[in-house]
Amino acid sequence: MTETAARLHQAPAWHAGIPMHPADAAAVLGITERAAEPLLDELAQIHLVERYGSDRYRLPPIVLARLDERQRAMTVECAY
């Protein structure tokens, strides 16, 4: 995975379960929409995001579940 695709995958919107359009991804990274599309496709090819519809991407349910699990574990650790 390229460094830029990794930065895109770390965007807070994904972790909140919010779908992204290439224009959203472009805004997150400060690049053009045209430059963002291959990054979204790169993430989709390695199953970190999934494409739905013709122009939207979201985290797959299994990835969201793992993020929720990690968040709960971090919350428990912080409580001690």
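The following exchange explains how several terms apply to this predicted model.

Reader: What makes the values usable, and how are residues numbered?

Author: This is a predicted model in which local features need pLDDT of at least 70 and side-chain atom pairs count only at pLDDT 80 or more, while totals for chains, interfaces and linings use all residues. Residues are numbered from 1 along each chain as its sequence is written, and side-chain values use heavy atoms, with hydrogens and water left out.

Reader: What elements does the chain contain, and in which order do they run?

Author: The chain has five helices and two strands. From the N terminus on, the order is α-α-α-α-β-β-α. Helices (H or I, at least four residues) and strands (E, at least two) are DSSP runs, numbered from the N terminus.

Reader: Why are H3 and H4 called roughly perpendicular?

Author: The axes of helix H3 (residues 22-29) and helix H4 (residues 33-45) come within 8 Å and cross at roughly 105 degrees. Axes are lines fitted to C-alpha atoms, for helices over the stretch in contact, with angles from 0 to 180 degrees between N-to-C directions. Angles under 35 degrees count as roughly parallel, over 145 as roughly antiparallel, 65 to 115 as roughly perpendicular and the rest as oblique. H3 and H4 are therefore roughly perpendicular to each other.

Reader: Which residues of H3 and H4 meet, and what kinds of residue are they?

Author: On the H3 side, Pro22, Ala23, Ala25, Ala26 and Leu29 meet Glu33, Ala36, Glu37, Leu39 and Leu40 of H4. These residues divide into eight nonpolar, no polar and two charged. Here Ala, Val, Leu, Ile, Met, Phe, Trp, Tyr, Cys and Pro count as nonpolar, Asp, Glu, Lys and Arg as charged, and the others, Gly among them, as polar. Contact means heavy atoms within 4.5 Å.

Reader: Why is Ala11 called buried?

Author: Buried means under 20% relative accessible area, exposed over 50%, and partly exposed in between (1.4 Å probe, protein chains only). Ala11 has a relative accessible area of 4% and therefore counts as buried. Ala11 lies in the loop between helix H1 (3-9) and helix H2 (12-15). Leaving aside residues up to four places away in sequence, Ala11 touches Met20 and Val28. Ala11 and Leu29 are 18 residues apart in sequence, with their C-alpha atoms 8.9 Å apart. In the chain of 80 residues, buried residues make up 28%.

Reader: Is His47 buried or exposed, and how do you know?

Author: His47 has 61% relative accessibility, so His47 counts as exposed. The residue is placed in the loop between H4 and strand S1 (50-52). Apart from residues up to four places away in sequence, His47 touches Pro60 and Val63. The C-alpha atoms of His47 and Val63 are separated by 9.0 Å, although their positions lie 16 residues apart along the chain as a separation.

Reader: What is notable about the phi of His47?

Author: His47 has a positive phi of about 65 degrees although it is not a glycine. Most residues other than glycine have a negative phi.

Reader: How do you know that Asp24 and Arg56 form a salt bridge?

Author: A salt bridge is a side-chain nitrogen of Lys or Arg within 4 Å of a carboxyl oxygen of Asp or Glu. For Asp24 and Arg56, the N to O value is 3.9 Å, and the two side chains meet in a salt bridge. This pair links distant parts of the chain, with Asp24 in helix H3 and Arg56 in strand S2 (residues 56-58), 32 residues apart. Asp24 counts as partly exposed because its relative accessibility is 35%, and Arg56 is partly exposed at 34%.

Reader: How many salt bridges does the structure hold, and which others are there?

Author: The structure holds three salt bridges. Arg51 pairs with Asp41, the closest N and O atoms being 3.7 Å apart. That pair also links distant parts of the chain: Arg51 is in strand S1 and Asp41 in helix H4, ten residues apart. The side chains of Arg58 and Glu50 meet at 2.9 Å, N to O.

Reader: What makes Glu42 a buried residue without a salt bridge?

Author: Glu42 lies in helix H4. Glu42 is buried, and the nearest side chain of opposite charge, Arg7, is 11 Å away, with no salt bridge formed. For this purpose Lys and Arg count as positive and Asp and Glu as negative, whereas His and the chain ends are not counted. Beyond residues up to four places away in sequence, Glu42 touches Met1, Thr2 and Ala5.
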